[in-house]
Amino acid sequence: MTPADLSPCVVRAVRRAVADGELGVGTVVPERVVVERTRPGGVGEYATPAALAVARSAGRPSRDVAGVLARRLGAEPGIERVEITGPGFLNFVLPAPAAPALVAQAIVLDIAIRDVRGGAAFLRDDLDGPDDPEDAGTAAGPRERVVRRCVQRLARAQGGSEQEVPADLPVAPLARRDADAVRRYGADAACWAMLAVPARETPAFSDVLLHQGEASEFFRVRYAYSRSRALVRNAGRLGFHPEPGEVDDAPALLRLLADHPLVLEAAAHHRAPERLVRHLVELADALLDFHHRVLPQGDEKPSAAHRARLALAEAAGTVLAGGLALLGTDAPERL
């Protein structure tokens, strides 16, 4: 079981508890629940407040509902432990993620967001001004358009409707001194800065955005993607190709790839693109730490381990490119 499987698993547990009479017939079964990684110092690895929402329609204390769900979820294959904290939060511990499953997950995610891709074309529309009836007659500034369109793309990638994103999403405008940010930093970098902080906060621009080095988070994310593509090209020259398999020397990269669907869901649910920005930076750094171990060194011959590492690096690059597309920025294959 991957973290992305937890949400439908919790929904099934609620549905079965209602069917078996453990929860009242008036209990509303949610279509989906939000599961997020537990904050540092918390219990378990992942948590959801689903029992609190279900308790309202069930007419039962939330900890009682959590107890019903915890007993069922604790028996699910692939869940090592379920604990209840606070008023009824469900906390989960899962086995270490498997690389082949995460490679497959990256492919599925990439397919899911293909219809919301657009890269620089999105940015030109967002930054140049209103281009559809919904924007007509509004005084929305460039940052409001960038943030709102990004949240709409996140909603679509989760299977929702763009109309679920209200036009009055509160967005702090650019500071007067940053009015020419797009001209100074370029559309991609300016967009990154606009989305890197919560919508209510004013974004900060600096010349670090222009640095082609590790000081720039924006550069590191795009560079990590370009490195993943270079690895695939170089492996082809050496006569081997990606092949999913177990990888035991990339725990941070595996964990971040496992968390990616949850980050997308939380970013859409909370209307918070900055969550995706932070995650992409962490994922890029983990990939850059790992990529030196992908190709054979010296007299080494390509092996199953190299093919598996290459498949994992390629999957990480696919996730980075998809994340950048949701933000509305391009992922160049060469930097």
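These legends go with a set of views of a predicted model.

**View 1. The whole chain, from end to end.** The predicted protein chain folds into 12 helices and four strands. Its C-alpha atoms take up a box of roughly 65 × 60 × 35 Å along the principal axes. A compact globule of 335 residues would have a radius of gyration near 20 Å, and the 22 Å of this chain agrees with that. Buried residues account for 50% of the 335. Look at the contacts with a separation of 6 or more, and 68% of them link residues 24 or more positions apart.

**View 2. How far to trust the model, stretch by stretch.** On average the protein chain has a pLDDT of 90, and 90% of the residues score at least 70. Among the elements, α11 comes out highest with a mean of 98, while helix α5 (residues 120-128) sits lowest at 55. Then there's the stretch at residues 130-139, where pLDDT is below 50. Leaving aside near neighbours in sequence, that stretch has 11 contacts in the model. Where pLDDT is low, don't read the predicted coordinates in detail.

**View 3. A look into the largest pocket.** There's about 970 Å³ of space in here. The lining runs to 31 residues, and the ones closest to the centre are Val 35, Glu 36, Arg 37, Ala 266 and Arg 275. Two strands, β1 (36-37) and β2 (46-48), each give two or more residues to the lining, as do the helices α2 (50-58), α10 (251-269) and α11 (273-290). Which element gives the largest share of this lining? That's α10, with seven residues. By residue type, the lining splits into 16 nonpolar, nine charged and six polar.

**View 4. The cavity inside the fold.** Searching the whole structure for cavities of 30 Å³ or more turns up one. The largest cavity holds about 60 Å³ of space. Three helices each supply at least two of its lining residues: α4 (99-113), α10 and α12 (304-327). The largest share, five residues, comes from α12.

**View 5. Who's who around the cavity.** Early in the chain, the lining includes Ala 106, Leu 109, Asp 110 and Ile 113. Further along come His 260 and Leu 264, and then Thr 318, Val 319, Gly 322, Gly 323 and Leu 326 complete the set. How many of these lining residues are nonpolar, polar and charged? The split is six nonpolar, four polar and one charged. Helix α10 shows up again in this view, as one of the elements supplying at least two lining residues.

Methods: Residues are numbered from 1 along each chain as its sequence is written. This is a predicted model: local features need pLDDT of at least 70, side-chain atom pairs count only at pLDDT 80 or more; totals for chains, interfaces and linings use all residues. Side-chain values use heavy atoms; hydrogens and water are left out. On a 1 Å grid over the protein atoms alone, a cavity is a set of points where a 1.4 Å probe fits but cannot get out, and a pocket is an open set with protein on both sides within 12 Å along at least five of seven lines; lining residues have an atom within 4 Å of a point. Grid points are joined across faces, edges and corners, and a volume is the space filled by probe spheres set on the points. Ala, Val, Leu, Ile, Met, Phe, Trp, Tyr, Cys and Pro count as nonpolar, Asp, Glu, Lys and Arg as charged, and the others, Gly among them, as polar. pLDDT is the predictor's confidence in each residue, from 0 to 100. Contact means heavy atoms within 4.5 Å. The radius of gyration is taken over C-alpha atoms; the globule rule is 2.2 Å times the number of residues to the power 0.38. Buried means under 20% relative accessible area, exposed over 50%, partly exposed in between (1.4 Å probe, protein chains only).
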